[in-house]
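Please walk through this structure step by step, beginning with its strands and moving on to its helices and core.

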Amino acid sequence: MGTKLTETTDTQELTRDDLEAKEPEEYRVYLINDDFTTMEFVISILMTVFHKSLPEASKLTLEVHRRGRGMAGLYSYDIAITKIQQVHAMARQRGFPLRCTMEKA
C-alpha cells in the first residue's frame with residue numbers, strides 16, 4: 001500500500017488594515033538642564049534647531065532651568081535623532097555640556 005504525500009503551504013490573507021500605511025512612531029525630544037550652559041545658548045539652540053520663536057524659546061528655557069528638562073518637540077525617530085546630534089555638536093563646538101534625550105511618545 002502506498003502512502004500519499006500532501007504538500008501544505010502556509011498562506012496569509014492580508015486585510016485592508018495590513019495594507020494601509022501606518023503613522024511613524026513619535027518621540028519627545030527633551031533638553032536637560034545643567035549648571036554650565038548659558039540660557040542665551042539654549043535659546044539660540046531652540047530657535048535654530050527646533051525653529052521656536054524667541055518668546056517660545058525663552059519660555060522653554062525657563063522651564064528647562066526650573067524643572068530640570070523641557071520638551072523641545074515631538075518628531076519621528078530619524079528626525080529626533082538628527083536634532084539631538086545637532087544639539088550635541090553645537091554644544092561641543094561652544095564648550096557647553098548641554099544634553100538632549102528622547103522618549104517614545
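Which residue in strand 3 is the bridge partner of Ile32? It is Arg99. The model shown here is predicted, and this pair is a convenient place to enter it.

Ile32 belongs to strand 1, which covers residues 26-32. Strand 1 pairs with strand 3, residues 99-104, through six bridges, and the two run antiparallel. Strand 1 also has strand 2, residues 69-76, as a partner. That pairing is antiparallel and consists of seven bridges. Within it, Tyr27 is bridged to Tyr75 of strand 2.

The helices come next. Helix 2 spans residues 39-48 and helix 4 spans residues 77-94. Their axes come within 11 Å of each other and cross at roughly 145°, and the crossing is right-handed. On the helix 2 side the contact is made by Phe41, Ile45 and Thr48. These meet Val87, Met90, Ala91 and Arg94 of helix 4. By type, the residues of this contact are five nonpolar, one polar and one charged.

Val87 appears again in the largest nonpolar core, which has 22 residues. It is among those with the most contacts inside this core, along with Leu31, Leu46, Phe50 and Leu98. Strand 1, strand 2, helix 2, helix 3 (54-67) and helix 4 each give two or more residues to the core. Helix 2 gives the most, with five residues.

Leu46 shows what the surroundings of one such residue look like. Leaving aside residues up to four places away in sequence, Leu46 touches Leu31, His51, Lys52, Ala57, Leu60, Thr61 and Ala72. One of these, Leu31, is also listed with Leu46 among the core residues with the most contacts.

Key. Residues numbered from 1 in each chain as written. Predicted model: local features only at pLDDT ≥ 70, side-chain atom pairs only at ≥ 80, totals over all residues. Heavy atoms only, no water. Pairing = 2+ DSSP bridges. Helix = DSSP H or I, 4+ residues; strand = E, 2+ residues; numbered from the N terminus. Axes fitted to C-alpha atoms, helices over the stretch in contact; angles between N-to-C directions. Left-handed = near helix turned anticlockwise from the far one by under 90°. Contact = heavy atoms within 4.5 Å. Nonpolar A, V, L, I, M, F, W, Y, C, P; charged D, E, K, R; others polar. Core = buried A, V, L, I, M, F, W, Y, C linked by side-chain atoms within 4.5 Å. Buried < 20%, exposed > 50% of the residue type's maximum accessible area, 1.4 Å probe, protein only.
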